[in-house]
Each structure stands twice: as C-alpha cells, then as structure tokens.
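Please open the model in your viewer and keep a selection prompt ready. The stops below say what to select and what is found there.

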Amino acid sequence: MSSNKQRNWAMAIVAQAGFVAYVEGLPGVGKTCILRSLAEKMGRKFFQHILSQQTPEDVLGIPRVTTVTINGKEHDCVDYVQSKVMLEAIHGHTLVCLDELVHAKPAVQAANQEVWLNNTPPNALVIALGNPPDLATDYNQLSPAVINRLCMLQWEPMNSEWEVGMETGEFPVPDFPVLPDNWTDFRLKWSNMVLEFSRDAAGAKHFDEHGTYPKNEQDAAMPWCSNRSWERAAICLAAAEAVGASKDTALKILTGFVGEGPATEFMAWYDSLGFPSAKSIFENPSSMRLPRQFAPAHAIVRGVVAHSRNEVAGADNPGETFEKAVDFLDELHLQNPELASAASDSIIALKPQDYREKPRDSKRVKAQLESFAASAN
C-alpha cells in the first residue's frame with residue numbers, strides 16, 4: 001500500500017500500541033469525526049473528553065474522606081472518585097479523545113500527564129487533538145515533559161472519504177489498520193535496532209545522559225530524545241511493521257517521538273544495514289541479510305516467523321502460503337543453522353492439516369515435516 005493511502009495511520013498505530021498520539025490540525029477538517037469512525041471500526045465506545053473545560057480536580061476525580069490501614073492501624077486520608085470516562089477506559093472497550101489538549105491550562109495539562117500519559121489504561125485507545133498556535137483559542141504550549149510522553153503528529157486531511165460522503169450522503173470508515181494479536185513479536189527486532197544505533201557512532205549523540213532536553217524556547221515545542229521516547233518509538237515501529245505500514249508512516253511515528261533529525265539519521269543508518277522487512281524476507285527469502293550479532297539477528301527472524309503466522313492464517317490458499325514460510329526456513333538453514341533450529345517448530349506448526357507438502361531439497365526440513373506429521377497422527 002502506498003503511503004498516500006496511509007493517511008493518519010501513524011495515529012492509529014501509536015494508539016493501538018498503547019501510547020498517546022497528539023495530533024495537531026486545522027479546525028473543521030474532521031479530526032473528531034474520523035476518530036468516531038475509528039472507534040466504530042474497532043467496536044469501541046467513543047468518548048470525547050474536552051480538556052479546555054477542565055480544572056485539575058476534574059482530571060483526578062472528586063476527593064472524598066476515607067481511611068487506609070497501615071501495619072494494622074487505620075489512618076484518615078483523602079481518596080478520589082474516578083470520572084466516568086476513566087472508569088470506562090479502565091474497565092470497558094473505549095477510544096478516548098483528549099480534545100483541545102493545548103487549550104487546557106498548564107495545571108490541567110500536568111494533571112492529564114499523570115492520569116492519561118503516564119498511566120494509559122491498557123484497555124483503552126487514547127488520542128489527543130488540538131489546533132495550531134495561531135488558530136487555537138487560549139493556546140498553552142505543551143511542556144517538554146508532556147511532549148516527551150506523546151507522539152507528535154500532524155493531521156492529514158482525508159479528502160477522498162469526504163468527497164465520497166458529500167456525493168453519496170454516507171461517509172465511509174477510513175481504512176485504518178488493526179494490529180494483529182501477535183504484533184508484539186516484532187518488538188524485539190526494533191528494540192535491538194535502537195540499541196545498536198545507540199552504540200554506533202552515528203547515533204550515540206542522541207543517547208547521552210540527558211537525551212536532547214530542549215535548550216531554548218523553540219526546541220521546547222518539538223519532540224526530543226530520551227530513553228523513554230526511544231523505547232516507545234521502538235515499540236511503535238514494531239506495530240507499524242506488523243501491519244505492513246510504509247517507510248513514510250514509520251518515519252512519521254519515529255519523528256513524532258524523537259524529532260526529525262534523530263529520526264532521519266536512524267532511518268538512514270538502518271537502511272545502510274540492508275536488512276529487509278519481515279514481509280520482504282517472507283516474499284523473497286534469498287534477500288535475507290542477517291546481522292552478525294545474535295540478538296538482533298534472532299529478533300529479525302522472530303519478526304519473519306510472526307509475519308508467516310499472520311500470512312498463513314489469513315490466506316485464501318494456506319498451503320501455498322505455508323510453502324513460502326518453509327522456503328524461508330530452507331534459506332535460514334543455509335545462512336544460520338542455529339537460528340533455523342530455533343525457528344523450525346514455529347514454522348512447521350503452521351502447516352495446514354489437509355496439506356501435502358511438495359518434495360523439498362532440504363533433507364533437514366523434509367525430516368522435520370515428516371516428524372511433525374507423525375506426531376500429529
């Protein structure tokens with residue numbers, strides 16, 4: 001899929017990976033409506049939380065007097081009754097829109113930092129929206145601490161969906177990706193890539209003791225590097241590869257976490273290594289080039305195994321697709337027998353029950369297929 005058809009995919013990927021994307025866009029371009037459509041597609045309840053109307057107390061909840069028992073003794077204390085939106089986010093299946101984040105007062109932004117950005121409810125998808133400084137009413141610049149917890153993105157108008165809606169009277173649900181259940185199998189690859197980048201002369205400057213904490217007012221409004229932002233970026237790059245996102249979408253995600261300069265340098269460094277994506281290796285195993293270090297090589301292989309599982313599960317012809325997975329395993333045996341042994345059981349287990357494999361040149365793979373068939377019977 002070309003990148004121009006992946007408008008706002010970065011936003012959807014980051015949210016599904018468990019982090020909060022802040023999406024800035026002009027008023028009236030359909031940001032909130034599109035989020036409602038995303039919630040509908042994923043079967044989630046939509047909540048619009050308008051932060052400009054809040055006080056810090058609204059974020060934390062209503063205080064009440066209660067007691068806590070410590071070492072067998074009761075003590076009076078204050079607790080907070082959580083808001084309906086937070087309870088829905090914790091216990092339900094929701095998409096929460098933190099609307100008008102930059103319109104909120106600094107104290108409200110700080111409260112939301114603690115409640116939503118530091119402790120994003122695991123059952124909820126959370127996306128923040130806002131307008132550019134020159135168009136926002138009562139604009140309040142996000143602090144560097146808040147920015148470092150967000151993926152900063154620009155809204156990409158979805159004009160084709162708007163045109164269809166204007167013509168037919170029904171606005172289509174955008175083609176947003178949904179992460180497969182095993183998307184986390186790609187995490188190890190990208191965390192290893194980030195780690196190797198930090199150890200390389202090309203990337204070490206972006207991983208010093210204090211990261212790239214903003215030194216002036218202009219930099220304070222932009223994403224900056226920290227261990228946290230790199231870790232979150234790696235997780236979201238894994239999610240992006242799991243859904244076959246384009247390099248352009250992956251770059252948007254990385255830029256949103258660590259800034260344009262570091263993101264561009266990382267991508268250039270990664271491209272120079274010549275490691276194809278899991279999809280590319282699956283389609284053309286001979287293109288596989290594994291790093292010498294075991295950990296990143298193992299992580300890349302795990303990504304291909306995960307992609308193979310998704311492809312076989314969703315294939316119209318699972319037998320033919322399974323053969324591609326075994327082609328990968330054959331090639332892996334030639335390049336790295338140790339990693340091939342580790343991946344074999346996972347690949348062979350994908351064999352469709354009613355499928356008879358074609359004769360294969362690899363005696364080792366053939367023996368594994370026969371052994372698996374015998375054990376299944």
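The tour goes from the whole chain to its cores, then to one helix and to several charged pairs.

This is a predicted model, in which local features need pLDDT of at least 70 and side-chain atom pairs count only at pLDDT 80 or more, whereas totals for chains, interfaces and linings use all residues. Residues are numbered from 1 along each chain as its sequence is written, and side-chain values use heavy atoms, with hydrogens and water left out.

**The whole chain**

Begin with the C-alpha trace, which spans about 70 × 55 × 55 Å along its principal axes. Coloured by secondary structure, the chain shows 16 helices and 7 strands, where helices (H or I, at least four residues) and strands (E, at least two) are DSSP runs numbered from the N terminus. Of the 377 residues, 50% count as buried; buried means under 20% relative accessible area, exposed over 50%, and partly exposed in between, with a 1.4 Å probe and protein chains only. Among contacts (heavy atoms within 4.5 Å) between residues at least 6 apart in sequence, 76% join residues at least 24 apart.

**The nonpolar cores**

Next select W230, L254, F257, F266, F328 and L332, which touch the most other members of the largest nonpolar core, a set of 83 residues. A nonpolar core here is a set of buried Ala, Val, Leu, Ile, Met, Phe, Trp, Tyr and Cys residues joined through side-chain atoms within 4.5 Å. Helix α9 (residues 227-242) supplies the largest share of this core, 10 residues. Centre the view on F266 and show its surroundings: apart from neighbours within four places in sequence, F266 is in contact with W190, M193, V194, F197, W230, L237 and L254. A second, separate core has 27 residues, including V102, A104, V108 and A124.

**Helix α14**

Now select residues 318-335, which form helix α14. The helix has 18 residues and reaches 26 Å from its first C-alpha to its last, close to the 26 Å expected at 1.5 Å a residue; the expected span is 1.5 Å times one less than the number of residues. Among the buried residues of α14 are G319, F322, F328, E331 and L332.

Start with G319 in this helix, which is buried, with a relative accessible area of 4%. Not counting residues up to four places away in sequence, G319 touches P352 and Y355. If you draw a distance from its C-alpha to that of L350, 31 residues apart along the chain, the separation is 9.4 Å.

Then move to E331. Which side chain of opposite charge is nearest to this residue? That side chain is R289, 5.9 Å away, and E331 is buried yet has no salt bridge. For these assignments Lys and Arg count as positive and Asp and Glu as negative, while His and the chain ends are not counted; a salt bridge is a side-chain nitrogen of Lys or Arg within 4 Å of a carboxyl oxygen of Asp or Glu. The side chain of E331 does make a polar contact with the side chain of Q335 (3.0 Å). A polar contact is a pair of N or O atoms within 3.5 Å; within protein, one must be able to donate a hydrogen and the other to accept it, and residues adjacent in sequence count only if both atoms are side-chain atoms. Leaving aside neighbours within four places in sequence, E331 is in contact with P285, S286 and M288.

**The salt bridges**

Side chains of opposite charge can pair when their charged atoms come close. The count comes to 12 salt bridges, and one of them starts from α14: select K324 and E283, whose side chains meet at 3.0 Å, N to O. This pair links K324 in helix α14 with E283 in helix α12 (residues 278-283), 41 residues apart. K324 is partly exposed at 30% relative accessible area, and E283 is partly exposed at 43%.

Go on to K41 and D175, whose side chains form a salt bridge at 3.9 Å, N to O. K41 lies in helix α2 (residues 31-41) and D175 in the loop between α7 (159-168) and α8 (187-199), so that this pair links distant parts of the chain, 134 residues apart. K41 counts as partly exposed at 36% relative accessibility, as does D175 with a relative accessible area of 45%.

Select D138 and K105 next, where the salt bridge is 2.9 Å, N to O. D138 lies in the loop between β6 (124-130) and α6 (144-147) and K105 in the loop between β5 (94-99) and α5 (106-117), so the pair ties together parts that are 33 residues apart in sequence. For the last stop, select E156, D248 and K252, which are linked in a network of salt bridges.
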